[in-house]
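Student: I have a protein model open and would like to learn how its labels are earned. Could we go through them together?

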Amino acid sequence: MAMGSLSKRVDEVRIGPSKLPGLLGLVDEPKGIVLFAHGSGSGRFSPRNNFVASGLREAGLATLLLDLLQPEEEDNRSKVFDIELLASRLQEASLWSRQHAPTAQLPIGYFGASTGAAAALVAAARLGTEIAAIVSRGGRPDLAGAMLEQVQAPTLLIVGSLDAAVLDLNRQALEHIPAHKQLSIVPGATHLFEEPGTLNQVLTLAANWFIQHLPGKYSGR
């Protein structure tokens with residue numbers, strides 16, 4: 001399924017050997033592509049991540065929202081919190097992006113939410129300079145464990161000021177990331193950024209981070 005012109009086009013795709021369902025959003029002359037790693041109980045139709053993805057496309061970035069689990073896996077709590085599995089699926093999607101003609105030359109960024117943020121950090125640690133930037137929204141980077149020490153991509157952690165427990169975990173995780181990093185706190189926001197205007201702040205922060213750190217064209221490194 002394709003909708004609209006190239007500048008507003010979103011295609012249903014199947015990704016890699018696992019045939020993961022995804023939504024590929026293309027724009028004219030993209031500066032890069034951002035792969036979304038959703039949190040537990042969420043997927044490619046997440047309204048919050050689709051809001052951010054739409055804004056990133058307006059900023060000139062292609063987007064790929066995908067389900068990291070198959071439908072039969074989504075009710076298995078051990079898989080929902082299996083960061084190794086989620087990270088391997090995200091790596092699979094990164095390889096697909098590199099081999100898919102419309103996105104092959106685009107530098108890759110990751111946008112992770114909740115447990116998806118940990119998966120993004122683990123996948124980025126494994127892929128090294130292949131990943132150009134990471135943004136976490138209300139994420140659990142602490143679940144990446146020792147892999148945090150191997151993250152090379154510039155990393156932005158975004159947390160709501162009222163999400164006290166997660167904010168503390170993000171502060172602790174930030175200390176273990178050796179790459180260029182930043183913690184941005186959105187005033188008055190809880191974990192899901194449902195308060196008026198808070199998700200717009202997430203979008204602005206994420207777009208600025210990706211535009212700053214995605215080099216514009218894949219260098220083949």
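Tutor: Happily; what follows is a talk about the sheet, one strand, one helix and some charged pairs.

Student: Before we start, what kind of model is this?

Tutor: This is a predicted model.

Student: Let's begin with the sheet. In what order do the strands lie?

Tutor: There are 8 strands, and their order is 1-2-4-3-5-6-7-8 in an open sheet with mixed pairing. From one strand to the next, the twist averages 20°.

Student: What makes strand 1 and strand 8 edge strands?

Tutor: Each of them has a single partner strand, so one side of each is left without a neighbour in the sheet.

Student: How do you know that strand 2 and strand 4 are paired?

Tutor: Pairing requires at least two bridges between the strands. Strand 2 (residues 20–26) and strand 4 are joined by 4 bridges, so they count as paired by that cut-off. They run antiparallel, and L24 stands opposite L64 of strand 4.

Student: What makes the pairing mixed?

Tutor: Strands can pair either parallel or antiparallel. Strand 2 and strand 4 run antiparallel, while strand 3 and strand 4 pair in the parallel sense over 5 bridges. In that parallel pair, V34 stands opposite T63. Strand 5 (residues 108–113) and strand 6 are also parallel, with 6 bridges, and G109 faces A133 there.

Student: Why is strand 4 described as largely enclosed?

Tutor: Because 5 of the 5 residues of strand 4 are buried, the rest of the structure largely encloses it. A62, L64 and L66 point one way, T63 and L65 point the other way, and all are buried.

Student: Why is T63 called buried?

Tutor: Its relative accessibility is 0%, and buried means under 20%, so T63 counts as buried. T63 belongs to strand 4 (residues 62–66). Leaving aside neighbours within four places in sequence, its contacts include L23, I33, F36, A53 and L56.

Student: What makes the link between T63 and R57 a polar contact?

Tutor: The two side chains come to 2.7 Å, and the cut-off for a pair of N or O atoms is within 3.5 Å. The distance meets that limit, and the pair is listed as a polar contact.

Student: Now the charged pairs. How many salt bridges are there?

Tutor: The count comes to 5 salt bridges. As background, side chains of opposite charge can pair when their charged atoms come close.

Student: Why is the pair E12 and R44 called a salt bridge?

Tutor: The N to O distance is 3.9 Å, and the cut-off is within 4 Å, so the pair qualifies. E12 is in strand 1 (residues 9–15) and R44 in the loop between strand 3 (33–37) and helix 1 (47–58), 32 residues apart.

Student: Are E12 and R44 buried or partly exposed?

Tutor: E12 has a relative accessible area of 32%, so it is partly exposed. R44, with 13%, is buried.

Student: Which other salt bridge does R44 make?

Tutor: R44 also meets D67, at 2.5 Å from N to O. D67 lies in the loop between strand 4 and helix 2 (77–80), so this pair ties together parts that are 23 residues apart in sequence.

Student: What about R98 and E130?

Tutor: Their side chains form a salt bridge at 2.9 Å, N to O. R98 lies in helix 3 (residues 83–99) and E130 in the loop between helix 4 (115–127) and strand 6, so the pair ties together parts that are 32 residues apart in sequence. R98 and E130 are both buried.

Student: Which residues do shared salt-bridge partners join into one network?

Tutor: They are E12, R44 and D67.

Student: Last, helix 5. How do you know that its buried residues lie on the same side?

Tutor: The buried residues of helix 5 (residues 164–174) are V166, L167, N170, A173 and L174. They cover an arc of only 125° around the axis, which puts them on the same side. On the other side, A164 and A165 are exposed.

Student: Which strands do the buried residues of helix 5 pack against?

Tutor: They pack against strand 6 (131–137), strand 7 (155–160) and strand 8 (181–186). Helix 5 runs at about 165° to strand 8.

Technical notes. Residues numbered from 1 in each chain as written. Predicted model: local features only at pLDDT ≥ 70, side-chain atom pairs only at ≥ 80, totals over all residues. Heavy atoms only, no water. Buried < 20%, exposed > 50% of the residue type's maximum accessible area, 1.4 Å probe, protein only. Helix = DSSP H or I, 4+ residues; strand = E, 2+ residues; numbered from the N terminus. Arc of directions from axis to C-beta. Contact = heavy atoms within 4.5 Å. Polar contact = N/O pair within 3.5 Å; in protein donor to acceptor, adjacent residues only side chain to side chain. Axes fitted to C-alpha atoms, helices over the stretch in contact; angles between N-to-C directions.
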